[in-house]
Amino acid sequence: MASAPANKASGAFRTIGELSRETGLPQHILRYWEQRFPQLRPLTRAGNRRYYRPEDVALVRRIDQALNRQGYTIKGVQQLLATEMGTVAATEANSIDTIRAIRDGLAAALAED
């Protein structure tokens, strides 16, 4: 797979044409995947121009890997992504709980002081 164009930063938004050239995937496939994978939601501007954020680009690469190299079906990738997103959400919830516990401990220590 090609890397980011030399004139764009790695964190820059990509148009559908740029993403198509980078990944070798046709534009109609990218648009189809937007319908099939709710996690893939590029920003849209006037005229329905799509702008893919770096996390969208990573997701496109993940979907491509699963479909075209690991042999998953569309439904299989949907389930895989749902499971991965559930794991991420659970991890984030645990992190928030940990941060709240630290905050409460600090607040109690300050109250005692």
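**Entry 1: helix H2 and the core**

I began with helix H2, where I found Leu30, Trp33 and Glu34 to be buried. I then looked up how these residues are placed around the helix, and they cover an arc of only 105° around the axis, which puts them on the same side of H2. I note at the outset that I am reading a predicted model, and I keep this in mind for each entry below.

From there I turned to the largest nonpolar core, which has 17 residues, and I saw that Leu30, Trp33 and Ile63 are those with the most contacts inside it. The elements that give two or more residues to this core are H1, helix H2 (27–36), helix H3 (54–69) and helix H4 (74–112). Among the contributors, H3 gives the most, with 6 residues.

I also asked which residues Trp33 is in contact with, leaving aside its neighbours within four places in sequence. I listed Leu25, Leu40, Val60, Ile63, Asp64, Leu67, Asn68 and Ile74.

**Entry 2: helix H1**

Next I went through H1 residue by residue, and I recorded Ile16, Gly17, Glu18, Leu19, Ser20, Glu22 and Thr23 as buried. Since 7 of the 8 residues of H1 are buried, I describe this helix as largely enclosed by the rest of the structure. What covers the buried residues of H1? I found that the cover includes strand S1 (14–15), H2, S3 and H3.

Just after H1, I noted that Gly24 takes a positive phi of about 80°.

**Entry 3: Thr23**

I stayed with Thr23, which lies in helix H1 (residues 16–23). Its relative accessible area is 10%, and because buried means under 20%, I count Thr23 as buried. I followed the side chain of Thr23 to the backbone oxygen of Leu19, which it reaches at 2.8 Å. Leaving aside its neighbours within four places in sequence, I found Thr23 in contact with Val60 and Arg61.

**Entry 4: salt bridges**

I then looked up how many salt bridges the structure holds, and I wrote down 8. As a general reminder to myself, side chains of opposite charge can pair when their charged atoms come close.

The pair I examined with most care is Arg14 and Glu22, whose side chains meet in a salt bridge at 2.4 Å, N to O. Are these two residues buried or exposed? Arg14 is buried, with a relative accessible area of 3%, and Glu22 counts as buried at 5% relative accessibility. I also noted that Arg14, Glu22 and Arg61 are linked in a network of salt bridges, and Arg61 is a residue I had met before as a contact of Thr23.

I looked at Arg103 and Asp104 as well, which form a salt bridge with their closest N and O atoms 3.2 Å apart. Here Arg103 counts as partly exposed at 49% relative accessibility, and Asp104 counts as partly exposed at 43%. One further salt bridge I recorded joins Arg53 and Glu55, the closest N and O atoms being 3.4 Å apart.

**Entry 5: Asn48**

My last look-up was Asn48, which I placed in the loop between strand S2 (43–45) and strand S3 (49–52). I found the phi of Asn48 to be near 60°, a positive value in a residue other than glycine. I set this beside the general rule that most residues other than glycine have a negative phi. Asn48 is exposed, with a relative accessible area of 59%.

Key: Residues numbered from 1 in each chain as written. Predicted model: local features only at pLDDT ≥ 70, side-chain atom pairs only at ≥ 80, totals over all residues. Heavy atoms only, no water. Helix = DSSP H or I, 4+ residues; strand = E, 2+ residues; numbered from the N terminus. Buried < 20%, exposed > 50% of the residue type's maximum accessible area, 1.4 Å probe, protein only. Polar contact = N/O pair within 3.5 Å; in protein donor to acceptor, adjacent residues only side chain to side chain. Contact = heavy atoms within 4.5 Å. Core = buried A, V, L, I, M, F, W, Y, C linked by side-chain atoms within 4.5 Å. Arc of directions from axis to C-beta. Salt bridge = Lys/Arg side-chain N within 4 Å of Asp/Glu carboxyl O.
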